[in-house]
Amino acid sequence: MPTTTDVKSGLRRATLALTFTTGIAMLGAAAPAQATGFTVGSHIKATSALLTQVGAPVAAEVQVTASAQTGWSQAFERGTLYASSHGTWPVLARDKAAFDGRSGLDGVGWPMGMPTSTTGHGITGTTQSFSGNSTLRETARILVHNNKSAVVKGHPYVEVRDKGLNFTGWPLANEFYVYEGGSVGWQQKFTRGFVALRKGTPTAFHVQGMLHERFLAKGGVAVNGWPTGNYRWLARCNYWVQDFTKALQFGEDDRVCAAEQTYYVANMYRPVNIRSGAGMQFAVVGTFAAKATVVGVEAGDWVKTSRGYVHLGTLTTSADLSALNGTIPLSALCAVPKSYNGDNTFDPGYTPQTQRYLNCFALKQLDLLQGAFRAHFGGYARIDLTYRPLAEQWYWFNKFGSPRAATPGTSPHGFGISIDFQENDGWSTFDWGQPGNRWLLANSKKYGFGNPFPCGTWGELYHFDFQG
């Protein structure tokens, strides 16, 4: 039985003018013989309107088996008619190159209708449906605009079918196989960009618009790699981006948009503040719970999240909080001015000259708080304890037990974010309700600190956490 190749080799164009009767509504049998000796085949059941469009036959009909079914084809002056279970429909001469370029009936399948007028992306053209390759479970279309014909099948077909021509634009040529960017795959160009499928991946992605223009200007797939997702609006940077295998995140212009990072609340007991802006002057609009995961982008001393701004001094990038607590090297902390130290001597080994340490972000805010306190009282708010190494946590736990001392490895002091002010410095007591305590309770939040215990409870009246 002849194959598609047999059909192609058996077709020839007539060199003499042909005449054909166009008044027959439907040909159920062979048409009258023409001067060339070719008639419309008995299996080619075409309307007179269709025969007018394709012209006179230039070859005999041929039986063809392709795309899992047997049918008939016949060449005409302005195209080829194919008869199958889908009916008799043409592939017009203008579309033949695109059709043959995707393996004809074997690749595109049998035509299932006439080209129909279609508008998309501000362009009017035609769309024609084909059965596709049933073995590959693909369907296909031939799309034509501005006399450019292209077959759309496989993954590009899914893009056009599901998202429409307003999204994809019109195809400019057939899909082609390419080795670029260190990988092989398929690409098809459209008026709005191109669809790319990297071999070994299940999904095709569209590169389009301003991203497509810049993508090409920056070296295309060879330099930037293959897309790993469709473009998306990056609200935190206020522009469009798309991810690629080489360029990673690629933006529509040269702005630098920092990548998101994952952080963890450096407090195993208490929440930290979320503010409406990147500054202590902005209102607290919520909290992240103790030990919570926080995803955002650094913005100075702050992290911008989807819920608002969180101070970097309240976060850590270490997911294992227990392993971090009390093991932070002093080189990663900042020295607290000794002028803030209390005048007490107490175990384990503290004197007014003992160097204390604190989270560097927290210390910046403590300096501001101390400046305001001194302006009000004439002296600094004296400090007993700040960062507490693990060994010291065990000392206090063995001395006081729970709940007065935190379980070693869990104390907020172990993250360098907590301060114990001196309970009584001799002139401005920090007892509940006394001047120093009242001032701290009223003003510490302006600098990101807070006492977690209600006034007058058994809790530590002198203890303040940095909460941002």
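These exercises walk through a hairpin, two pockets and two nonpolar cores in a predicted model.

**Exercise 1. The hairpin**

Find how strands β7 and β8 are joined, and say which residue takes a positive phi in their hairpin.

Solution.
- Start with β7, residues 140-145. Six bridges join β7 to β8, and the two strands run antiparallel.
- Pick out one facing pair: I142 stands opposite V151 in β8.
- Move to the turn. Two residues lie between the strands. N146 takes a positive phi there, near 50 degrees.
- Check the cover of β8, residues 148-153. Buried means under 20% relative accessible area. Five of the six residues in β8 are buried, so the strand is mostly covered.

**Exercise 2. The largest pocket**

State the volume of the largest pocket and describe its lining.

Solution.
- Take the volume: the largest pocket holds about 630 Å³ of space.
- Go to the centre. The lining has 28 residues, and R388, R404, D420, E460 and Y462 are the closest to the centre.
- Trace the elements. β25 (383-385), α11 (390-400) and β26 (418-421) each give two or more residues to this lining. The largest share comes from α11, with three residues.
- Sort by class. The lining of the largest pocket divides into 13 nonpolar, six polar and nine charged residues.

**Exercise 3. The second largest pocket**

Describe the second largest pocket in the same way.

Solution.
- Its volume is about 300 Å³.
- The second largest pocket is lined by 18 residues. L312, L315, T316, T317 and N359 lie nearest its centre.
- Elements that give two or more residues to this lining are β16 (261-265), β22 (315-316) and α10 (360-377).
- By class, the lining of the second largest pocket has 12 nonpolar, five polar and one charged residues.

**Exercise 4. The nonpolar cores**

Identify the residues with the most contacts inside the largest nonpolar core, then find another core.

Solution.
- Begin with the general rule: in soluble globular proteins, nonpolar side chains tend to be buried together.
- The largest nonpolar core has 30 residues. L358, L366, L369, I419, F421 and F449 have the most contacts inside it.
- α10, β26, α12 (435-443) and β28 (463-466) give two or more residues to this core. The largest share, five residues, comes from α10.
- Follow one member outward. Leaving out residues up to four places away in sequence, L366 touches Y340, L358, I383, I419, F421 and F449.
- Another core lies apart from the largest one. This other core has 14 residues, among them V64, Y82, A140 and V151.
- Link back to Exercise 1: V151 is the residue of β8 that stands opposite I142.

Key: Residues numbered from 1 in each chain as written. Predicted model: local features only at pLDDT ≥ 70, side-chain atom pairs only at ≥ 80, totals over all residues. Heavy atoms only, no water. Buried < 20%, exposed > 50% of the residue type's maximum accessible area, 1.4 Å probe, protein only. Helix = DSSP H or I, 4+ residues; strand = E, 2+ residues; numbered from the N terminus. Pairing = 2+ DSSP bridges. 1 Å grid on protein atoms, 1.4 Å probe; cavity = no way out; pocket = protein on both sides within 12 Å on 5 of 7 lines; lining within 4 Å. Points joined across faces, edges and corners; volume = space filled by probe spheres on them. Nonpolar A, V, L, I, M, F, W, Y, C, P; charged D, E, K, R; others polar. Core = buried A, V, L, I, M, F, W, Y, C linked by side-chain atoms within 4.5 Å. Contact = heavy atoms within 4.5 Å.
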